[in-house]
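Please open the model in your viewer with side chains displayed, and follow the stops below in order.

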Amino acid sequence: MGRKRTLVVTLLMMGLATLAVGALPGAETWHSAAPWALVALRLIQGFAVGGEWAGAALLAAEHAPAGRRGFFGMFAQLGAPIAFIFSSVTFLLTSVTLGNDSPEFLSWGWRIPFLLSAVLIAVGLVVRLRVDETPVFREVVSRQRVPRAPLVVLLRTQWRQVLLGGGAITGVFTLFYMASAYLTSYGTAQLHHGRTVVLVAGIVGGAAMAATTVGSAVLCDRWGRRPVMLIGFGAAAVWSVVLFPIVDSGSASAFAIGLAGTFAVLGISYGPMGSLLPETFDARCRYSGAGLAYNLGGVLGGAIPPLIAAPLAGAFGSISIGVLMAALSVVSLGCVVAIAETRNADLQVGDIVPVPESA
């Protein structure tokens, strides 16, 4: 399957799963099956977004002119902050219109943002169907160098890059999901801020992340991927330690500063990631490599920390959550130190590691 068709399939998987969440019957209809169905749909979303992101990043990197892959890769990275802004605005409008705890919002109002994603699916499909395969991939195909089992080739020849790439993006996922999921819940459940305050703070945070993502992506074309990301993860480690003392002060403005600051700091390392991961892998298994590293980081940084944050805070206080975030930022910093600088990498076939002819 070509990359273009793979992108279409992953987009449909992610989009249809999102629509299904909005249409999912409640517990009063499906009883215990409802939460299991929701978990299954979220797993499909997570699996699809890895392929979706990897394909978008590869298209941007391989179409980009020399010396501007960081800038072009930025557009794939902007999807996360822009989507978070849109979702926050939609929920804000819905909750303000219907009331935060109204029966209408609790029964069907929350479904509106998920169902509105149908518009984005249609736009995404039009864009995907109009984008050509990259010159690099067309060369791979023309030379009949597409591996029959790219994942096997990847794990045989570039397993170290997969681990380092996954470790490098772990800190980004940690900060993003701790900000977008845990902190937003923490703000209402523990700090008792109104939902409107939390959503507005999230909108500001998404804008801050978008700004630092753009800035760091542009700078990484000048300074290199590693220096910019080292600055980002160094700042993230320091910020994580002071985050909860800031938000725990109790004021709405302090919470907004904490949430927006977390988003802003993570954007520094996130911007160059759109070019670093595609540049790290050989052209013949680049899609598999970027996608696997991305999903590995998503599990380590996006799934585990939010799950253990609440019991960790219960046992050691909220400062322990900041220490966990700082520790994972340091892990990512170490992986960036160990990974090769890729700003000047040649993305043509066989540029990084030879792939056996039998593969």
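Select Phe71 in this predicted model: with a relative accessible area of 24%, the residue is partly exposed, because the buried class ends under 20% and the exposed class starts over 50%.

Add Phe75 to the selection, and you have two residues of helix α4 (residues 69-77) that are 4 residues apart, about one turn of the helix. Their ring centres are 5.4 Å apart and the ring planes meet at 85°, so the Phe71 and Phe75 pair is edge-to-face, planes over 60 degrees apart being counted that way. Keep Phe71 in view and bring in Arg68, whose charged end sits over the Phe71 ring, 4.6 Å from the ring centre.

Move next to Tyr186 and Phe244, both of which are buried. Their rings, with centres 5.5 Å apart and planes at 85°, are likewise to be read as an edge-to-face pair. Tyr186 belongs to helix α10 (residues 159-189) and Phe244 to helix α12 (residues 225-247), so this contact ties together parts that are 58 residues apart in sequence.

For a wider selection, take Trp53, Phe84, Phe173, Phe176, Tyr177, Phe263 and Tyr294, which form one aromatic cluster. A search of the whole structure finds 13 aromatic pairs.

Finish on helix α11 (residues 195-223), and check its length from end to end: at 1.5 Å a residue its 29 residues should span 42 Å, and the C-alpha atoms at its ends are 41 Å apart, which agrees. Step just past the helix to Gly224, which follows α11 and has a positive phi, near 105°.

Technical notes:
Residues are numbered from 1 along each chain as its sequence is written. This is a predicted model: local features need pLDDT of at least 70, side-chain atom pairs count only at pLDDT 80 or more; totals for chains, interfaces and linings use all residues. Side-chain values use heavy atoms; hydrogens and water are left out. Rings of Phe, Tyr and Trp (its six-membered ring) pair if their centres lie within 6.5 Å; planes under 30 degrees apart count as stacked, over 60 as edge-to-face and the rest as tilted. Buried means under 20% relative accessible area, exposed over 50%, partly exposed in between (1.4 Å probe, protein chains only). A charge sits over a ring if NZ of Lys or CZ of Arg is within 6 Å of the ring centre and within 35 degrees of the ring normal. The expected span of a helix is 1.5 Å times one less than its number of residues.
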